[in-house]
Amino acid sequence: MLEMRIFRVNKNLGMISVLLLVYFLFPAKLHCEFYKYVDRDGKVFFVDDVSKIPPEYRDDLKTYEEKYDHLPPEQRAIMREKERKEREKERTQEIERERYLRGLETKVIIKENLVLVPVTLCYKAYKTEALLVMDTGASIVTLHQQIADRLHITEGETAITRVAGGEVLKSSMAKLGYIKVGPFKKTNLYAGIIKHEGSSVPYDGLLGMNFLRGLEYTVDFKKQVIKWKR
């Protein structure tokens, strides 16, 4: 019997030794590792497998351990959901910021030294789009007759309009409901109506100072955009 007990003890010790050996040779992975990389556009990515990282980014990857593995499952799930919502909120804010910045840029057409600006014009119940030359030398917005016809402007007071270079033009005046350019809308502005004479031109009038006054902006001639400041 004694020999049998000794055998059993030795057998149990042997099994424990084997288990300890396996544990030290192949330790259990107590923490889940994540890998971080940044792409050429500056976007940050986290993945749980190196194979998910594009080859060109593997040299600079960083390893992160899952920080909630030590918590009970329910609490771990709560913390992960909280982080997910925070990341979602940050992404939403980033998208809104990008949309806001895009809204502060107006695509224009530049021909030689002319900056042609797309505008929306409204008169009473009528609305139309037009392309106006940005002209800081013009006192007011000036529209060619065909734009006035689109807006059904049929009457107006006679006036004198000064444009760039000091030229004075005889025109009729009409008060528009609004003029909108990019993120800005100004209401109840007067516009001069003139009959364009001569060869055809790629614009429908002038965007004058009664709209531009008080606005801060720069013209990026390379990208062909107006960058507005608010």
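Tutor: Let us begin with a term: two residues are in contact when heavy atoms lie within 4.5 Å. Please keep in mind that the model is predicted.

Student: Which residues does Y37 touch, not counting residues up to four places away in sequence?

Tutor: Y37 touches K43, V44, F45, V47, K52, I53, P54 and Y57 once those sequence neighbours are set aside. The residue belongs to strand β1, which spans residues 33–38. One of its contacts, P54, is 17 residues from Y37 along the chain, and their C-alpha atoms are 9.3 Å apart.

Student: Is Y37 buried or exposed?

Tutor: The cut-off for burial is a relative accessible area under 20%. Y37 has 9%, so the residue counts as buried. H144 can be read in the same way: its relative accessibility is 4%, and therefore H144 is buried. H144 is located in strand β8, residues 141–144. Beyond four places in sequence, its contacts are I194, H196, V201, Y203, D204 and G205.

Student: How many residues of the chain count as buried, as a percentage?

Tutor: The buried share is 30% of the 230 residues. The exposed area of the chain is about 16500 Å², and 54% of that area comes from carbon and sulfur atoms. Contacts add another view: among those between residues at least 6 apart in sequence, 54% connect residues at least 24 apart.

Student: How many helices and strands does the chain have?

Tutor: There are 4 helices and 16 strands. To read how strands assemble, recall that strands of a sheet pair through backbone hydrogen bonds, either parallel or antiparallel. In this model, one open sheet has 3 strands in the order β4-β16-β15, and their pairing is antiparallel.

Student: Why is one side of β4 and of β15 left without a neighbour in the sheet?

Tutor: β4 (105–107) and β15 (216–220) are at the edges and have a single partner strand each, so one side of each strand lacks a neighbour in the sheet. Within this sheet, neighbouring strands are turned against each other by 20° on average, direction ignored.

Student: Which residues are bridge partners in this sheet, beginning with β4 and β16?

Tutor: The antiparallel pairing of β4 with β16 runs over 3 bridges, and T106 has I226 of β16 as its bridge partner. On the other pairing, β15 and β16 are antiparallel over 5 bridges. There, V219 is partnered by I226, while Y217 is partnered by W228. β15 and β16 also form a hairpin with 4 residues between the strands, in which Q224 has a positive phi near 55°.

Student: Where does a positive phi occur in the hairpin of β11 and β12?

Tutor: G182 takes a positive phi near 55° in that hairpin, which has 2 residues between its strands. The two strands, β11 and β12, run antiparallel and are joined by 4 bridges, with V181 facing F184 of β12 as its bridge partner. β11 (residues 178–181) also pairs with β6 (residues 114–123), in the antiparallel sense over 3 bridges. In that pairing, C122 is opposite Y178 of β11.

Student: How many aromatic pairs does the structure hold, and how is their geometry read?

Tutor: Ring centres must be within 6.5 Å for a pair, and planes over 60 degrees apart count as edge-to-face. The structure holds 2 aromatic pairs. In one of them, F184 and W228 have ring centres 5.3 Å apart and planes at 70°, so the pair is edge-to-face. This pair connects distant parts of the chain, as F184 in strand β12 (residues 184–187) and W228 in strand β16 (residues 225–229) are 44 residues apart. Both F184 and W228 are buried. Ring pairs further join F184, Y217 and W228 into a cluster; Y217 and W228 are also the bridge partners named for β15 and β16.

Student: Which ring lies beneath the charged end of K185?

Tutor: A charge is assigned to a ring by its position relative to the ring centre and the ring normal. The charged end of K185 sits over Y178, at 4.3 Å from the centre of the ring. K186 is placed over the face of F211, with 5.6 Å to the ring centre. Y178 thus has two roles in this account: its ring lies under K185, and Y178 stands opposite C122 in the strand pairing.

Methods: Residues numbered from 1 in each chain as written. Predicted model: local features only at pLDDT ≥ 70, side-chain atom pairs only at ≥ 80, totals over all residues. Heavy atoms only, no water. Phe/Tyr/Trp six-rings, centres within 6.5 Å; stacked < 30°, edge-to-face > 60°. Buried < 20%, exposed > 50% of the residue type's maximum accessible area, 1.4 Å probe, protein only. Lys NZ or Arg CZ within 6 Å of the ring centre and 35° of its normal. Areas by Shrake-Rupley, 256 points an atom, 1.4 Å probe, with all protein chains shown as cover. Pairing = 2+ DSSP bridges. Axes fitted to C-alpha atoms, helices over the stretch in contact; angles between N-to-C directions.
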